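Student: Could you take me through one part of this model in detail? I'd like a close look at the nonpolar core and the aromatic rings around there.

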Amino acid sequence: MARLAVAACLLGFGAWCQTALGAGRSRVAAQQQVVVLLAGHGVRDAPTGASRTIAFVAATRPITGERTALPVLAQAVDRRGRFWLRVRLPGRAVGGQRVPATGWISATQAQLATTSWHIVVDLGARRALIYREGIEVRSYPAIVGKPSTPTPTGQYFVEENVSLAASAPGAPFALATSDRSNVLQEFDGGPGQIALHGLDNLGGRLGTAVSHGCIRLADAAITWLAAHIRAGVPITIVEHG
């Protein structure tokens, strides 16, 4: 089993942010289509069975064993009438290299769903903004990555919702994301995975930039998120404050 690397704070049809970067708060679409995998899928660089395989996505996630859920960015039908989904991909490939950010998977052995949730992390403001149906419903102060190990910006999603033991760094909960540190290829036995998690056994003052890349939240905030947010929920991380 892979480990969630939180021990010193390391660990899509279109509801991704329709960004107004640099112009204040980001605008978020009301819904995001998500695909839940019922089997492992090869990922291709085009929506056809003859295209090149560029990655493989397992049917379950390594920490919790829950079904893999990926944001869907587009759909296509090939000449043989087969349906394909362009999805956002999780993680980093073997050898420390990033997998492509997106790719095409077959729509077979998969279930489509939607989510109305979206998380925006504003690094400049050091806040996590929670949206439902395009409306901001929560805003939480956060600790973000320090300059030497910054929190990477971009479009990501929640891979797993993890309940942590009371003694674990980052308890009581963590939302493990598809984001990975650009500085730390490996951390505490894990893949340098960025997570939103609690302060337990780590500490730190909210509103500062002192982490190894993860987003630390007050226990009440991460507990609320853990009760509402599931795999596949999109996350947008931006610089503006």
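Tutor: Sure, and let's start with the whole chain: of the protein's 241 residues, 51% count as buried, where buried means under 20% relative accessible area, exposed over 50% and partly exposed in between, with a 1.4 Å probe and protein chains only. Keep in mind that this is a predicted model, where local features need pLDDT of at least 70 and side-chain atom pairs count only at pLDDT 80 or more, while totals for chains, interfaces and linings use all residues. Residues are numbered from 1 along each chain as its sequence is written, and side-chain values use heavy atoms, with hydrogens and water left out.

The protein has one helix and 16 strands; these are DSSP runs numbered from the N terminus, with helices being H or I of at least four residues and strands E of at least two.

Now the core. A nonpolar core here is a set of buried Ala, Val, Leu, Ile, Met, Phe, Trp, Tyr and Cys residues joined through side-chain atoms within 4.5 Å. The largest one has 24 residues, and those touching the most other members are Ile119, Ile130, Leu175, Leu196, Leu217, Leu225 and Ile229. Elements giving it two or more residues include strand 8 (117–122), strand 9 (127–132), strand 15 (215–217) and helix 1 (219–228). Helix 1 supplies the largest share, four residues. A second, separate core has 13 residues, among them Val35, Val57, Val72 and Val87.

Zoom in on Leu217. Setting aside neighbours within four places in sequence, Leu217 is in contact (heavy atoms within 4.5 Å) with residues including Ala128, Tyr140, Leu196, Leu206, Ile222 and Leu225.

On to the rings. The structure holds two aromatic pairs; rings of Phe, Tyr and Trp (its six-membered ring) pair if their centres lie within 6.5 Å, and planes under 30 degrees apart count as stacked, over 60 as edge-to-face and the rest as tilted. Trp117 and Trp224 make an edge-to-face pair, at 5.7 Å centre to centre and 75° between the planes. This pair links distant parts of the chain, as Trp117 sits in strand 8 and Trp224 in helix 1, 107 residues apart. Trp117 counts as buried because its relative accessible area is 11%, and Trp224 is buried too, at 18%. Ring pairs also bring in Tyr140, giving a cluster of Trp117, Tyr140 and Trp224. Tyr140 is also among the contacts of Leu217, so that's a good spot to centre your view.
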